[in-house]
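Please look over the structure below before reading on, and keep it in view while the text leads you through it.

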Amino acid sequence: MDSPIIPKLTWQEWKQVLHGFHPGNPTFLEKDYPSLDGKVVIVTGGSTGVGYQVVKSLAGSTNAKIYIFSRNQQKARDAIERMKLEIAEEYSKAVDESIKFVQVDLSDLTTIKPAVSEFLQAEDRLDIIIHNAGIMMPPRGSVTKQGYQMELGTNNIGPQLLQNLLDPIFIKTSSTNKPNESRIVWIASTSHFFSPLHGINWNDPNYRQVTNVPLKQMYSQSKAINIIQAQQWPVYHPEATNAVSISVCPGYLKTELQRNTTWLQQLGYSLLFHNPRYGAYTELFAALSPDITSANNGQHVISFGHFGEIRKDLEEKENSNKVWNFLQDQINQYV
């Protein structure tokens, strides 16, 4: 089978790629965050990397109740205890029970409904969800519990199911919030520019037959699909008039996301990439900034709090609908 077509980048797109190396300083910081009194936030993958910094920043500077959805219970518990000490030191604040943990494995669809049930037993509202968890460039041939290519399953199908199951409480909460307070933040990447035409290798989405492509292409596909998810969620949920769905490239960051890359790649990342704290500022700009409104539904935010470009073929409505329906077909039996 032939390798997928990768569209050539325009000058404007290359400019955005280069922006990630020198994005300037974030301007939307903790001092600008709303208080979030009585609000409930979910951050997937909140026990490491950028997600850890997102939770710490939120807990230290707002009054939100925050749920970390992640796979490893012990790792998450340890992270929360460490986070509490750092918050006390950096923010002079005791967070007590404001940070909670729910165990879920996005690479195993059977774990997602029980996780949502646990959350719903504890809460009657959900104001913001940040789909932060993800995986990049696992060993070739890696698959999820249900047999999907690992990045497709973990970065797209798992979050699709999680959001689907959370939609009722999220939409209900949004109807009681002010316009634009309810947000869904889908973590994508500038890497979407290097995805197959239309964002997905329709001939072989799981790359079972095409094996001669760079590993990065499968990650890029998953990030393009994240962008389409952000675009399509409002289309399929027009009743959520107070909610905003938006995609984000947090930035070029030094995190555990690169643990599967080569030593040479990791050396380059260590020299050229930024502290994960800055990625948290990007994600929280998308989640909290008053500059984000319903007019920005489906748009894309880049480091460290700027609006960016989306590759034009990812905005074609017919294809985007097809991607959404493909994802829905994968999760139907787990809803």
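Which helix gives the most to the lining of the largest cavity? This is a predicted model, in which local features need pLDDT of at least 70 and side-chain atom pairs count only at pLDDT 80 or more, while totals for chains, interfaces and linings use all residues. Residues are numbered from 1 along each chain as its sequence is written, and side-chain values use heavy atoms, with hydrogens and water left out.

A cavity, on a 1 Å grid over the protein atoms alone, is a set of points where a 1.4 Å probe fits but cannot get out, and its lining residues have an atom within 4 Å of a point. The volume of the largest cavity, meaning the space filled by probe spheres set on the points, which are joined across faces, edges and corners, is about 50 Å³. H131, A133, T154, N155, P159, W186, I187, K223 and N226 line this cavity. The answer to the opening question is α5, which supplies three residues of the lining; helices (H or I, at least four residues) and strands (E, at least two) are DSSP runs, numbered from the N terminus. At least two lining residues come from each of α5 (150-174), β5 (182-187) and α6.

Helix α6 (residues 215-236) also meets helix α9 (residues 317-331), their axes coming within 9 Å and crossing at roughly 90 degrees; axes are lines fitted to C-alpha atoms, for helices over the stretch in contact, and angles run from 0 to 180 degrees between N-to-C directions. The two helices α6 and α9 are therefore roughly perpendicular, a term for angles of 65 to 115 degrees. Among the residues that make the contact (heavy atoms within 4.5 Å) are I225 and W233 of α6 and V323 and W324 of α9.

Note on methods. Angles under 35 degrees count as roughly parallel, over 145 as roughly antiparallel, 65 to 115 as roughly perpendicular and the rest as oblique. On a 1 Å grid over the protein atoms alone, a cavity is a set of points where a 1.4 Å probe fits but cannot get out, and a pocket is an open set with protein on both sides within 12 Å along at least five of seven lines; lining residues have an atom within 4 Å of a point.
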